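Please open the model in your viewer and keep the selection panel at hand. The stops below follow one another, each with something to select and something to look for.

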2 protein chains.
Amino acid sequence: MVDDEPQIVRALRINLSARGYSVLTAHDGTAALKAAAEGRPDVVVLDLGLPDVDGTEVIAGLRGWTSVPIIVLSARVDSADKVEALDAGADDYVTKPFGMDELLARLRAAVRRSAVVEGEDAVVETASFTVDLAAKKVRRDGVEVHLTPTEWGLLEILARNRGRLVAQKQLLQEVWGPAYAKETHYLRVYLAQLRRKLEPEPSHPRHLVTEPGMGYRFEP
Amino acid sequence: MVDDEPQIVRALRINLSARGYSVLTAHDGTAALKAAAEGRPDVVVLDLGLPDVDGTEVIAGLRGWTSVPIIVLSARVDSADKVEALDAGADDYVTKPFGMDELLARLRAAVRRSAVVEGEDAVVETASFTVDLAAKKVRRDGVEVHLTPTEWGLLEILARNRGRLVAQKQLLQEVWGPAYAKETHYLRVYLAQLRRKLEPEPSHPRHLVTEPGMGYRFEP
DNA sequence: GGGTCGCATCAAGGCATCGTCAGGAAGTTC
DNA sequence: GAACTTCCTGACGATGCCTTGATGCGACCC
């Protein structure tokens with residue numbers, strides 16, 4: 001959050017913090033570039049009327065090394081300014097005075113967009129095997145293990161809830177559908193298959209643990 | 001370009017065409033969704049006040065299968081409308097009347113952003129063939145292999161998601177359109193053609209791998 | 001000790017999905 | 001208008017997955 005007007009910085013900080021964002025602030029362009037390099041923000045809100053350097057130079061300075069979303073704030077409604085800032089690499093341009101709702105919505109849109117880009121591969125590791133949730137791959141001792149759709153469906157839910165107990169009913173409903181909530185036999189068959197494929201000692205599972213009477217737990 | 005006011009459509013078409021854009025137009029939401037599915041635009045400019053369906057529904061309809069940038073045009077300045085449209089998945093929101101300069105700058109910004117996403121390694125190599133995503137060309141043993149548009153569409157998605165499993169539904173929706181999500185037979189036919197053209201042993205594919213019941217995977 | 005309940009394991013049949021081939025419709029090019 | 005390309009569709013056999021039943025084991029209650 002880059003602005004030289006303390007009251008705006010303050011208002012934004014309060015609003016953003018209340019919504020769970022963590023906020024870094026800077027009051028001029030030089031400090032902004034430094035803070036961005038150190039803090040690696042997920043999105044930048046940049047006021048154009050800074051005391052030291054021109055706003056477009058800050059944009060250019062950021063764009064030199066990062067594609068972080070930049071939302072420009074400005075009191076200037078002249079379209080030439082907007083064009084200049086956007087063409088310099090800004091992602092959005094909001095004129096002051098602005099509605100907090102709108103700024104937050106534009107912020108969400110910017111973050112959402114860049115989240116898609118990152119598409120990080122969430123990988124869950126255990127002592128004996130590795131689950132790549134994005135690629136839908138499982139490796140054991142480096143070699144890839146083939147899973148059937150049902151096996152993968154089960155493992156995926158357990159891995160996404162790793163460390164937590166997942167109820168039998170939930171597993172059945174999410175993998176087989178709402179009508180199968182009581183077919184607990186399916187779980188036994190497929191958990192046995194998963195253990196045979198993944199556990200070092202299938203009969204003494206260490207990662208795919210049964211919680212008798214309740215459900216199953218993935219222990220990383 | 002989706003708007004029910006002919007004069008706006010006309011003004012935009014002239015301006016955009018003069019700058020080298022090719023423009024598809026639609027005058028209501030239904031036609032817009034159809035045109036987008038067929039024409040695969042690089043960016044969508046969408047007026048919210050359409051005669052048939054609500055604008056946010058058009059946004060939702062697009063977001064169901066594509067992440068194409070959507071710039072919303074609207075006469076409504078109320079911030080609640082902006083928030084609704086942006087949260088529905090729009091990338092930008094411009095209020096009428098708008099400056100053509102500004103709209104064009106926002107358009108450039110939107111296209112630039114999505115270009116960055118695409119700018120991953122443009123060349124994907126395997127042991128037996130090479131895919132050049134930027135040039136849309138495939139070479140095998142140095143010689144160029146001709147692919148039909150559909151074959152290329154499939155290979156492109158798989159190559160961009162190399163290493164990752166791509167669901168059948170996603171392939172069908174992105175290549176054939178949202179209405180074809182269940183025509184899995186198409187995939188079998190075209191994967192067979194791609195394998196025949198690219199794999200050393202088409203009946204034992206090593207790079208275009210089937211994951212039964214789930215989808216397909218490109219292994220570099 | 002007998003009975004019940006929940007869990008693990010194994011095996012086998014039915015059936016959904018996959019790969020393949022081929023023919024015809026629609027559109028393009030010359 | 002003929003030759004060609006591309007796409008869609010149907011038929012067929014084969015693979016492998018899901019389901020289901022049978023059996024054994026341990027924990028717990030009576």
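Begin by selecting B:Thr150 together with DNA strand D, where a polar side-chain atom of B:Thr150 lies 2.4 Å from a phosphate oxygen of the strand; a polar contact here is a pair of N or O atoms within 3.5 Å, and within protein one of them must be able to donate a hydrogen and the other to accept it, while residues adjacent in sequence count only if both atoms are side-chain atoms. Before going on, note that this is a predicted model, in which local features need pLDDT of at least 70 and side-chain atom pairs count only at pLDDT 80 or more, whereas totals for chains, interfaces and linings use all residues. Residues are numbered from 1 along each chain as its sequence is written, chains are lettered from A and ligands numbered from 1 in the order in which they are written, and side-chain values use heavy atoms, with hydrogens and water left out.

Stay with DNA strand D and add B:His146, which has a polar side-chain atom 2.5 Å from a phosphate oxygen of the strand, and then A:Thr148, where a side-chain N or O atom is 2.9 Å from a phosphate oxygen of DNA strand D. If you widen the selection to every residue near the strand (one with a heavy atom within 4 Å of it), you should find 18 residues, the closest being A:Thr150, A:Tyr186, B:His146, B:Thr150 and B:Tyr186. Helix H6 (149–160) and H8 of chain A, and likewise helix H6 (149–160) and H8 of chain B, each supply at least two residues of this surface; helices are DSSP runs of H or I with at least four residues, strands are runs of E with at least two, and both are numbered from the N terminus. Coloured by class, the surface near DNA strand D shows ten nonpolar, eight polar and no charged residues, where Ala, Val, Leu, Ile, Met, Phe, Trp, Tyr, Cys and Pro count as nonpolar, Asp, Glu, Lys and Arg as charged, and the others, Gly among them, as polar.

Next, select DNA strand C. Which residues come nearest to it? Of the 21 residues around DNA strand C, these are A:Thr210, A:Gly213, B:Gln168, B:Arg188 and B:Thr210. Sugar and phosphate account for 63% of the atoms of DNA strand C that come within 4 Å of the protein. Zoom in on A:Thr210, whose side chain places an N or O atom 2.6 Å from a phosphate oxygen of DNA strand C, and then on A:Gly213, where a backbone N or O atom lies 2.9 Å from such an oxygen. The elements giving two or more residues to the surface near DNA strand C are helix H8 (184–198) of chain A and helix H8 (184–198) of chain B, and H8(A) contributes the largest share, five residues.

Now hide the DNA and show the contact between the two chains, contact meaning heavy atoms within 4.5 Å. This contact takes 28 residues from chain B and 29 residues from chain A. The area buried between the chains is about 2500 Å², that is, the accessible area (1.4 Å probe) that the two parts lose on being put together, summed over both. B:Leu86, B:Arg106 and B:Arg113 supply 18% of the area that chain B buries against chain A, more than any other three residues.

Select B:Arg217, in strand S10 (residues 215–218) of chain B. B:Arg217 is buried, with a relative accessible area of 2%; buried means under 20%, exposed over 50% and partly exposed in between, with a 1.4 Å probe and protein chains only. The side chain of B:Arg217 reaches the backbone oxygen of A:Lys136 at 3.0 Å, and a polar contact of 3.0 Å also joins it to the side chain of B:Glu211.

Move across to A:Lys136, in the loop between strand S5 (130–132) and strand S6 (137–140) of chain A. A:Lys136 is partly exposed at 26% relative accessibility and has a positive phi of about 55° although it is not a glycine. A:Asp141, in the loop between S6 and strand S7 (143–145) of chain A, also has a positive phi of about 55°, and counts as exposed at 67% relative accessibility.

Finish at A:Pro97, in the loop between strand S3 (92–95) and helix H5 (100–118) of chain A, where the peptide bond from A:Lys96 to A:Pro97 is cis, with omega near -5°. Most peptide bonds are trans.
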